[in-house]
Amino acid sequence: AGTGCYLLASFALYQWGSGTSPWRFIWAVLPLLFFAWNVTIIVLRMRQLDEYRIKLLFPPLAVGFTVAMFAAVTLGTLSAAGFTVPNVGWPVAIIGMAAWAFTTLVTGAPKD
């Protein structure tokens with residue numbers, strides 16, 4: 001539910017967040033509130049995991065985080081060299097999530 005609300009708020013931001021209207025600040029903050037909600041839910045869920053599930057879950061998370069950091073550094077270096085990378089945050093997020101999902105498949109982590 002939180003991710004769906006985040007996507008809807010992001011869509012609203014892209015539709016109505018530009019220009020000079022004071023409402024653009026509300027549209028800019030709204031997705032961040034749903035993002036914070038998602039982070040809170042994830043932290044609460046992580047605290048409920050037993051030792052076995054933690055051992056299965058954290059290697060894919062570590063790989064996804066590491067790949068996302070390398071992607072961020074690579075794209076930042078390209079940007080510093082003068083290459084324009086539009087919406088640079090999205091490729092970093094997508095690459096990190098893809099690495100996490102691939103590692104989950106390879107290691108056989110639970111899918112629930």
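These legends walk through an overall view and some close-ups of a predicted model. Residues are numbered from 1 along each chain as its sequence is written, local features need pLDDT of at least 70, and side-chain atom pairs count only at pLDDT 80 or more. Totals for chains, interfaces and linings use all residues, while side-chain values use heavy atoms, with hydrogens and water left out.

**View 1. The whole chain, with the pattern α-α-α-α.** The protein chain has four helices and zero strands (DSSP runs numbered from the N terminus: H or I of at least four residues for helices, E of at least two for strands). Its radius of gyration is 17 Å, well over the 13 Å that the globule rule gives for 112 residues, so the chain is more spread out than a compact globule. That radius is taken over C-alpha atoms, and the rule is 2.2 Å times the number of residues to the power 0.38. The C-alpha trace spans about 50 × 35 × 15 Å along its principal axes. Of the 112 residues, 18% count as buried (under 20% relative accessible area; exposed is over 50%, partly exposed in between; 1.4 Å probe, protein chains only).

**View 2. Tyr 6 and Phe 35, a tilted aromatic pair.** The structure holds two aromatic pairs (ring centres of Phe, Tyr or the six-membered ring of Trp within 6.5 Å; planes under 30 degrees apart are stacked, over 60 edge-to-face, the rest tilted). In this one, the centres sit 6.4 Å apart, with 50 degrees between the planes. Tyr 6 belongs to helix α1 and Phe 35 to helix α2 (residues 23-47), so the pair ties together parts that are 29 residues apart in sequence. Both rings belong to partly exposed residues, Tyr 6 at 21% relative accessible area and Phe 35 at 48%.

**View 3. Phe 34 and Trp 37, a tilted pair in helix α2.** Here the ring centres are 6.2 Å apart and the planes are at 50 degrees, so this pair is tilted. The two residues are three apart in the helix, a separation of about one helical turn. Phe 34 is partly exposed at 21%, and so is Trp 37 at 37%.

**View 4. Thr 103, a buried residue of helix α4.** Look for this threonine in the helix of residues 89-107. Thr 103 has 12% relative accessibility. Leaving aside neighbours within four places in sequence, Thr 103 is in contact (heavy atoms within 4.5 Å) with Pro 59, Pro 60 and Val 63.

**View 5. Leu 8, an exposed residue of helix α1.** Leu 8 lies in the helix of residues 2-16 and has 60% relative accessibility.
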